[in-house]
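Me: I'm a first-year and I'd like a close look at just one part of this protein. Could you pick a charged residue, show me what sits around it, and then step back to the whole chain?

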Amino acid sequence: MITKQTAIFVGIGVLIIAAILSVTLYSTRGSHLTLEGKVLKVRTLATDEKNSIAVIDFRVTNRSDLLFVTQGADVTVKGPDGKEITGDTIARTDIDRVMDYYKVLGPKYNQTLIMRDKVAPGESMDRMVAATFPIPEAELEKRAKLTVRLHDVDGATFDLSESR
């Protein structure tokens, strides 16, 4: 049987441990790499009747105390039927050619994301990524969701989703 005095001491002990844990977690919050961001604009174009291109402009902000260094990016599209398709990312030099050839895509608003792009702690970065998809443009336009997954050189990944 637990006495009233023992219950009080246990309760005080639990409160002290909770306070120490809270202070520890709060003081180390910047030690975990965290990127926040959003898809700003998506432009699509049919390259033929069965294939299309998506050009995605996005912004990310590094909320941690650690440097984010890009290893790469993947772009996935979830169709209206729920099927998820991963696109083939286009290299920077090829994106420049695509943008020059297909004027209908409009101007290049941001630099293309490349390996080793860095986002310092507390800073933001606007970039562009493009990918080809083995689906018609009409199907790409009807997408339920588009996600850009950014990969850090240390293995962390961060998803930026288009809000429609």
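**A close look at Arg 43**

Reply: Let's take Arg 43, which counts as buried because its relative accessible area is 8%, under the 20% cut-off for that label. Keep in mind that this is a predicted model. You'll find Arg 43 in strand S1, which runs over residues 35-46.

What does a charged side chain do in a spot like that? As a rule, side chains of opposite charge can pair when their charged atoms come close. Here the partner is Asp 57: its side chain and that of Arg 43 meet in a salt bridge, with 2.9 Å from N to O. Asp 57 sits in strand S2 and Arg 43 in strand S1, so the salt bridge ties together parts that are 14 residues apart in sequence. Asp 57 is buried too, because its relative accessible area is 1%.

The side chain of Arg 43 has another polar neighbour. One of its polar atoms lies 2.6 Å from the backbone oxygen of Pro 107. Leaving out residues within four places in sequence, Arg 43 touches Ile 53, Ala 54, Val 55 and Asp 57, and also Met 99, Leu 105, Gly 106, Pro 107, Tyr 109 and Met 128. Try clicking through those in the viewer.

Now stay on S1 and look at Gly 37, which is in that strand as well. Gly 37 counts as partly exposed because its relative accessibility is 40%. Beyond its sequence neighbours, Gly 37 is in contact with Arg 59, Val 60 and Leu 160. If you measure across to Leu 140, you get 22 Å between the C-alpha atoms, for two residues 103 places apart in sequence.

One of those contacts, Arg 59, takes us to another charged pair. Arg 59 forms a salt bridge with Asp 126, where the closest N and O atoms are 2.7 Å apart. This pair links distant parts of the chain, with Arg 59 in strand S2, Asp 126 in strand S7 (residues 124-133), and their positions 67 residues apart. Arg 59 counts as partly exposed because its relative accessible area is 34%, and Asp 126 gets that label because its value is 25%.

A further salt bridge joins Lys 108 and Asp 96, with the closest N and O atoms 2.6 Å apart. Lys 108 is in the loop between H2 and S6, while Asp 96 is in helix H2, 12 residues away along the chain. Lys 108 is partly exposed, at 32% relative accessible area, and so is Asp 96, at 30%. The full count for the model is eight salt bridges.

Back to strand S2, which covers residues 52-62 and has Ser 52 in it. Ser 52 is buried because its relative accessible area is 0%. A polar atom of the Ser 52 side chain lies 2.9 Å from the backbone oxygen of Ile 135. Its contacts beyond the sequence neighbours include Leu 45 and Ala 46, and also Phe 133, Pro 136 and Leu 140.

For contrast, here are some places where the surface shows. Arg 116, in the loop between helix H2 (92-101) and strand S6 (118-119), counts as exposed because its relative accessibility is 54%. Arg 116 also has a positive phi of about 75°, although it is not a glycine. Over on helix H1 (residues 4-27) there is Ile 20, which is exposed because its relative accessibility is 52%. Together with Ile 8, Ile 12 and Ile 16, Ile 20 makes a nonpolar surface patch of about 370 Å².

So how does the whole chain look? It has three helices and nine strands, and from the N terminus the elements run α-β-β-β-β-β-α-β-β-α-β-β. The radius of gyration is 23 Å, well over the 15 Å that the globule rule gives for 164 residues, so the chain is more spread out than a compact globule. Its C-alpha atoms fill a box of roughly 80 × 35 × 20 Å along the principal axes. Of the 164 residues, 36% count as buried, and Arg 43, where we started, has that label at 8% relative accessible area. Among contacts with a separation of 6 or more, 70% are between residues 24 or more positions apart.

Terms used:
Residues numbered from 1 in each chain as written. Heavy atoms only, no water. Helix = DSSP H or I, 4+ residues; strand = E, 2+ residues; numbered from the N terminus. Buried < 20%, exposed > 50% of the residue type's maximum accessible area, 1.4 Å probe, protein only. Contact = heavy atoms within 4.5 Å. Patch = residues over 30% accessible without salt bridge, like charges linked within 9 Å, V, L, I, M, F, W, Y side chains within 5 Å. Areas by Shrake-Rupley, 256 points an atom, 1.4 Å probe, with all protein chains shown as cover. Salt bridge = Lys/Arg side-chain N within 4 Å of Asp/Glu carboxyl O. Polar contact = N/O pair within 3.5 Å; in protein donor to acceptor, adjacent residues only side chain to side chain. Rg over C-alpha atoms; globule rule 2.2 N^0.38 Å.
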